[in-house]
Amino acid sequence: MQKKRTALVAIVIPLFLAIVKGAIGFATMSISVLASALDSLMDVFSSSITAFAVSASEKPADENHPFGHAKAEAIAGLVQAVLIMVSASFLVYQALRRIALGYSLKEEGLALGIMLASVIFSIFLSASMKKAGRIFNSTAFEASALNFTSDIWTNSGVIVALGLEKWWHVKNADPIISILISLYIIISAARIGHSAISQLMDRTLPREFLDLIGETIRAHRPMAKGYHNLRTRWVGGEKFIEFHLELENELSFREAHDLTEIIISEIRAKIPNSRLMVHSDPEECTKHAKHPPDVI
Ligand SMILES: [Zn+2]
Ligand SMILES: [Zn+2]
Ligand SMILES: [Zn+2]
């Protein structure tokens, strides 16, 4: 599975769907199909951002970005979440407008056909984005998978609504179902946005990782006394960990260094994709005061 090819597929298929849905939407004057076309167009846009983020975050660290470029993915996730919320709000607006003004559908057969094709494409895209998210540990692909999963529901919702109105003459089925779908989309987007903001704001690693670090250090008692000034953050798939290691005063410089290296490699083995920066303190040094977090 290739990162760039996967990202490209997520642009090409929605582009095709947007064009066909747009044409059929205008031909049948079906607003729900037009709204769905707009949704696909948003997918083209957000997938392009994902593709950009994926190639940007793959770039190795350089002089100007010594911590790498992984945050590009979080930015893509956030932009995507905002775009999804905007398009969902647009769907709600369209639905309310239809309820207020009234409407009539025609040529639903054509609309049903393209929506059915849309559902199949969305299932395929959502599965391959989910797989890419897992393989590459990428939030951008994960966000993209969620987007296409919600597309399965929006497209199915349009089918159900069109069917209800066409065969059972249910009034307002189309706008009511599209409002429910939009609320679901807004909640999913809020979740993606929250996780992206956590990364951008350097939120600490989950509790279980912090516990692992403590356990690893405690296993080296009595040479290792403890630790302080632990700071962690999670960017893309990489976990940045730094702390001050408190060591027995009587250790030689060589012994202190080697023990520090052992602890670093043990933590690295337990926490995959972690980058560690450890400063070693003699136990005595810590009896006075902890260093302020910005002093190493
Ligand atoms: Zn210290
Ligand atoms: Zn060393
Ligand atoms: Zn120190």
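## Overall arrangement

The C-alpha centres of domain 1 and domain 2 are separated by 44 Å. These two domains divide the protein, with domain 1 covering residues 3-200 and domain 2 covering residues 207-288. The model described here is predicted.

## The zinc site

In this model, the zinc ion (ligand 3) is coordinated by two residues, H279 through its NE2 atom and D281 through OD, at 1.9 to 2.4 Å. A second zinc ion, ligand 1, lies 4.0 Å from ligand 3. D281 coordinates both of these ions.

The two coordinating residues may also be described by their accessibility. D281 has a relative accessible area of 4%, and is therefore buried, because the term applies to values under 20%. H279 has a relative accessible area of 24%, so this residue is classed as partly exposed.

## The nonpolar surface patch

Four residues, L96, I99, I176 and L180, make a nonpolar surface patch of about 370 Å². Helices α3 and α6 (173-200) each supply at least two residues of the patch.

L96 is located in helix α3. Its relative accessible area is 49%, so L96 is partly exposed; a residue is called exposed when this value is over 50%.

## Residue F90 in helix α3

F90 also has its place in helix α3, which spans residues 71-101. With a relative accessible area of 33%, F90 is partly exposed.

How far apart in space are F90 and A140, C-alpha to C-alpha? The distance is 23 Å, while the two residues are 50 residues apart in sequence.

How values were computed
Residues numbered from 1 in each chain as written. Chains lettered and ligands numbered in written order. Predicted model: local features only at pLDDT ≥ 70, side-chain atom pairs only at ≥ 80, totals over all residues. Heavy atoms only, no water. Helix = DSSP H or I, 4+ residues; strand = E, 2+ residues; numbered from the N terminus. Buried < 20%, exposed > 50% of the residue type's maximum accessible area, 1.4 Å probe, protein only. Domains from an automatic or database assignment. Donors = N, O, S within 2.8 Å, 3.2 Å for Na, K, Ca; no water. Patch = residues over 30% accessible without salt bridge, like charges linked within 9 Å, V, L, I, M, F, W, Y side chains within 5 Å. Areas by Shrake-Rupley, 256 points an atom, 1.4 Å probe, with all protein chains shown as cover. Salt bridge = Lys/Arg side-chain N within 4 Å of Asp/Glu carboxyl O.
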